[in-house]
Structure formats: structure tokens, C-alpha cells
Amino acid sequence: MIGSTDDTIVSISTAPGRAAIALIRLSGPEALTIAAQHVTPWDTEPRRAHLATVHQDGEPLDQAIVTIFPGPDSFTGDDVVEISTHGGLLVPASVVAALIASGARQAQPGEFTRRAVMNGKLDILQAEAIGDLIDAHSHSMRRAALQQLDAGLSRRLAALRDDLIGLEALIAYDIDFPEEDDGPVPREKIETAVQTLALALDALLATAPVGELIREGAVVVIAGAPNVGKSSLFNALIGRSRAIVTEIPGTTRDAIEAVIDSGTWPLRLVDTAGLRATADTIEQIGIEVSERYLAAAHVVLACSDTDSGVEETAGAIAGKSIAPVVRVRTKVDLVSPSDQLRRDPNVVHVSAETGAGLVQLLLAIDQALATQHGAIAPDTPMLTRARHRHALEAARSELVQFERAWKEDKLPATVASVHLRAAVGALEELIGAVDVEDVFDRVFSSFCVGK
Ligand code: GDP
């Protein structure tokens, strides 16, 4: 059963396929006993890597490096054995099969990290951060995930939760000792505490748009008339971008999407040039861009190979999208040097052919995003998922309802404080501080096996 920690799980933790090394993880109460049957020599010194033969029924399967991590000082908190075998498909699979034959069970996706959470080695936000680190396709996402793994966000939320509990305690005192000599708790004290908490919740909520954009990527749509060089620009930006490129299979046949790192923001670059076969273009002037993508865009590139075309395209887009528009004059390698002197400074001039202007274009996109969404503060904890935002919005709303009930003075304080309990509950569910099986399921279902 998932969630149980009383059996021993095993899995290959590295990606399958041809590689120098594969890492096999074994975790659970029988991990040491099971591994000892297949590893010779068996070195029981904790955390010391040693070379050993891994065998089954007397037949050597591989020469491997074996390390044991007795619980609770391991990733999962259980006894863990890590076996680094040679890579490829057969060797690691044979070792896993041998361990399963001796009583281990194939781990479910995310089960190692889940055990780490259940054993209190990580909280649920840190577990999410591990997933984000592995999936990171930009340096800003990597930084945000590392921050979250370092418990930056958890500490901030735990502090907010403590403040809410403090406020709850003030109200409880007021309820329990209304006739105290000192009189009831001063109303201003409670109102100030509510205000401070509301501001702190708002400050964290304000990080959500940037945090979610960093995690999901900013949608940058390339728009323009046929043959102005949109596809060439798309390819040039992918080719010259200095970081990791991930091709995402297009969701429709009419658009190609690629994730690139602009240096600051992860960008989901969308080329809708394939649209010419469809009717989904901006009418009359034939600008190739899907209205669906325009609606989802965070930045639109208005492209043309003539100055008047750039203005015409930008004008057509402005009426259709609320996203900032960056004006892009393509094919500048074809412009004579004398004409280049008369460049409009509000237009980025690029050439997919020579690579001219591509760096400036990425800077202009960064600038447009920063103007619209604010700059990325690298050391500040951020909300990076809708799950985080919804929990904080719920806590904020409960606080507002408490304040209203408290100020109106119609409801008894005991009833008003129910809202505080609910606000605390929302934050606890977010951190995973309470019994939250369904939250566990939601978070870990997207993990890969061996994580
Ligand atoms: P799209 O229909 O807007 O996607 O345009 P394409 O990218 O398919 O380009 C149309 C034509 O313009 C092709 O023949 C390209 O080789 C050419 N082209 C695109 N970009 C450049 C450029 O920067 N310089 C030059 N000289 N030609 C370009």
C-alpha cells in the first residue's frame, strides 16, 4: 500500500537507457537484510562507499559501488542501500529483479520522497521542490526550487501559521477570562495583529504571478504575416539561446512550442506559422497567429520585414491581446547600411540569418515581462504553484471573515475564531503539517519512479 512504510521498496533512480552508471535505491526495514544476501563483501560501515560484487544464486550480476545509510540518517528516514551499477537496460534491471526476489517491492512513482515526508525528513513543499529541481528548464526555476528545498517558503509559512495561532490564543484568552482584573484583551491589539497578518499574507500572495511564471514559463507568441521570417526567428532563438532547450510536442498541428531560458525568465516560445492552412488567423490582414495563443500570451512579438508592416502588425495585435507587444523588424541583413541608420529605437532589429539583434530581443522580452510582472527577487520565497496560491487565498479569506465578524461584534468570539482555525488549517495543509493523504496523492502522483 502506498503510504505504508513497513515494507521495503526498490527502484532504479536514474533515467533508463545507455549510461555509464545506474543508481538503484532500496529503502525500508529489510533493506540491509535483503541487500546483504546479494552483495559481497558486505560492508556495514554507514555512509562508506565500497566496491562489491552483486550476485544472485551464485552468479555475479555486476561489479558495483554499494553504500548503506542506516535510518534515520538517510533520505527517506528508513534504512537505505544505494547500489551504483553499470548503466544500460539489462544490468540494473537484473539487480532490481534479484532484490525483488529476496522480498523487496518495486517502488511506486515518488514513493521514496513520499516516505521522506512521512518520516518527517522533508515537508511537502520541499518534496515539491525536488520535483521542480528535476524538471527545471531555466536557471530562475532552479534557483526558486532550491530556495524551496532549503525550506525558505516553509519557514515563511510556518511563521505565518504561528502568528495565526498566536491570534487564536488571544481570542481564547478573551473568551476564557472575560472578567479578569486586567479586563479583556484590548480590541486594538487584536485588530493590529489581524492587519499585520493580512499584510504578510498579501506580500506572499503577491509573489504568486512571478513564481508561477517562473515555474510554468512565459508564453511568447511570434506573430506576423506569412514569409516575414517567423519560423526562422523561432529557430534562431532556440539555436542561440544559451541554456537548456526542451521541445514540447505541439498540442495542435498549427503551433510549435519550445522552452528556452532567456537568462532571466523561462520562455515558452510559440510559432504559429503553420496556421496558414487554417482559418484561425487575424482576419483581413492575414497575420498568422492563433487567437487562442494570443489570449494565453505573456508577450507577443509583432514581426515584419518592413517598418510599416511592424506597425500594422502591432496595431492588429493590440486590439486582440492584453499582453505587452515587442516590435520586431526581421531580416535586417537585407537592409542597406544607410537605411539602418534610420532605425526606430522602439523596434528590435533582428536577422535570423546572421544572428544580429537576437540578444537584444531576449533582453526586450525580459524587460516587457519585468515591467508587467515585476522583477524576480532571487532570495525571496515565492509561491510557485496554483496549490500554494489557493491555500493562501483561503487563509486570507478566512482572516477577512474573522475580522468582519469580530468588528461587527454580533457573533460570539468563539464563532469568529472558527475562521482563524480554518486559516491555520489552510496553511497546515499547504505545508503538510496535518494528516493530508489527498494532498500527498496530488503531489506525488506526478513524480517519476525512483524519486
Ligand atoms: P514565416 O512564414 O514568417 O515563418 O517565414 P520563414 O521563416 O519561413 O521565412 C520566409 C523566408 O524568409 C524564407 O525564405 C527565409 O529563408 C527568409 N528569411 C527568414 N529570416 C531571414 C533573415 O533573417 N534574413 C534573410 N536574408 N532571409 C530570411
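**Figure 1. Accessible surface and overall make-up of the predicted model.** The accessible surface of the protein comes to about 21100 Å², and 55% of this area belongs to carbon and sulfur atoms. The model is a predicted one, and its secondary structure comes to 16 helices and 14 strands. Of the 451 residues of the protein, 47% count as buried. Among the contacts between residues at least 6 apart in sequence, 64% join residues at least 24 apart.

**Figure 2. The cavity lined in part by helix H5 and helix H8.** A search of the whole structure finds one cavity of 30 Å³ or more, and the volume of this largest cavity is about 40 Å³. Its lining is made up of Asp-132, Met-141, Ala-144, Ala-145, Gln-148, Ile-214, Arg-215 and Thr-384. Two elements, helix H5 (139-149) and helix H8 (208-216), give two or more residues each to this lining, and the largest share, four residues, comes from H5. By residue class, the lining of the largest cavity divides into four nonpolar, two polar and two charged residues.

**Figure 3. Gln-148, a residue of helix H5 in the cavity lining.** Gln-148 lies in helix H5 and is among the residues that line the largest cavity. Because its relative accessible area is 3%, Gln-148 counts as buried. Not counting residues up to four places away in sequence, Gln-148 touches Leu-125, Gln-126, Glu-128, Ala-129, Leu-153, Thr-384 and His-388. Of these partners, Thr-384 also belongs to the lining of the largest cavity, while His-388 is one of the buried residues of helix H14.

**Figure 4. Helix H14 and its buried residues.** Helix H14 spans residues 386-408, has 23 residues and reaches 33 Å from its first C-alpha to its last, which is close to the 33 Å expected at 1.5 Å a residue. The buried residues of H14 are Arg-387, His-388, Ala-391, Leu-392, Ala-395, Glu-398, Leu-399, Phe-402, Glu-403, Ala-405 and Trp-406. For reading such a list, it helps to recall that an α-helix has 3.6 residues a turn, so residues three or four places apart point the same way. Charged side chains are included in the buried set of H14, among them Arg-387, Glu-398 and Glu-403.

**Figure 5. Asp-123 in the loop between helices H3 and H4.** Asp-123 lies in the loop that runs between helix H3 (111-118) and helix H4 (124-135). With a relative accessible area of 16%, Asp-123 falls under the 20% cut-off and therefore counts as buried. Leaving out residues up to four places away in sequence, Asp-123 touches Val-117, Ser-154 and Ile-431. Asp-123 and Gly-432 are 309 residues apart in sequence, yet their C-alpha atoms are 6.2 Å apart in space.

**Figure 6. Ser-351 in the loop between strand S14 and helix H13.** The loop that holds Ser-351 lies between strand S14 (347-349) and helix H13 (358-373). Ser-351 counts as buried because its relative accessibility is 0%. Its contacts, leaving aside neighbours within four places in sequence, are with Lys-331, Val-332, Asp-333 and Ala-356.

**Figure 7. Two cis peptide bonds that precede proline.** The peptide bond from Thr-40 to Pro-41 is cis, with omega near -5 degrees, and Pro-41 lies in the loop between strand S3 (39-40) and strand S4 (50-56). A cis peptide bond also joins Gly-71 and Pro-72, where omega is about 0 degrees. Pro-72 is placed in the loop between strand S5 (59-69) and strand S6 (80-86).

**Figure 8. Positive phi at Ala-151 and Asn-227.** Phi of Ala-151 is near 70 degrees, a positive value in a residue other than glycine, and Ala-151 sits in the loop between H5 and helix H6 (152-176). Phi of Asn-227 is likewise near 70 degrees and positive in a residue other than glycine, but this residue belongs to the loop between strand S8 (218-224) and helix H9 (230-240). Ala-151 is buried, with a relative accessible area of 14%, whereas Asn-227 counts as exposed because its relative accessibility is 59%, over the 50% cut-off.

Terms used. Residues are numbered from 1 along each chain as its sequence is written. This is a predicted model: local features need pLDDT of at least 70, side-chain atom pairs count only at pLDDT 80 or more; totals for chains, interfaces and linings use all residues. Side-chain values use heavy atoms; hydrogens and water are left out. The expected span of a helix is 1.5 Å times one less than its number of residues. Buried means under 20% relative accessible area, exposed over 50%, partly exposed in between (1.4 Å probe, protein chains only). Contact means heavy atoms within 4.5 Å. On a 1 Å grid over the protein atoms alone, a cavity is a set of points where a 1.4 Å probe fits but cannot get out, and a pocket is an open set with protein on both sides within 12 Å along at least five of seven lines; lining residues have an atom within 4 Å of a point. Grid points are joined across faces, edges and corners, and a volume is the space filled by probe spheres set on the points. Accessible areas come from the Shrake-Rupley method with a 1.4 Å probe; for residues, only the protein chains shown count as cover.
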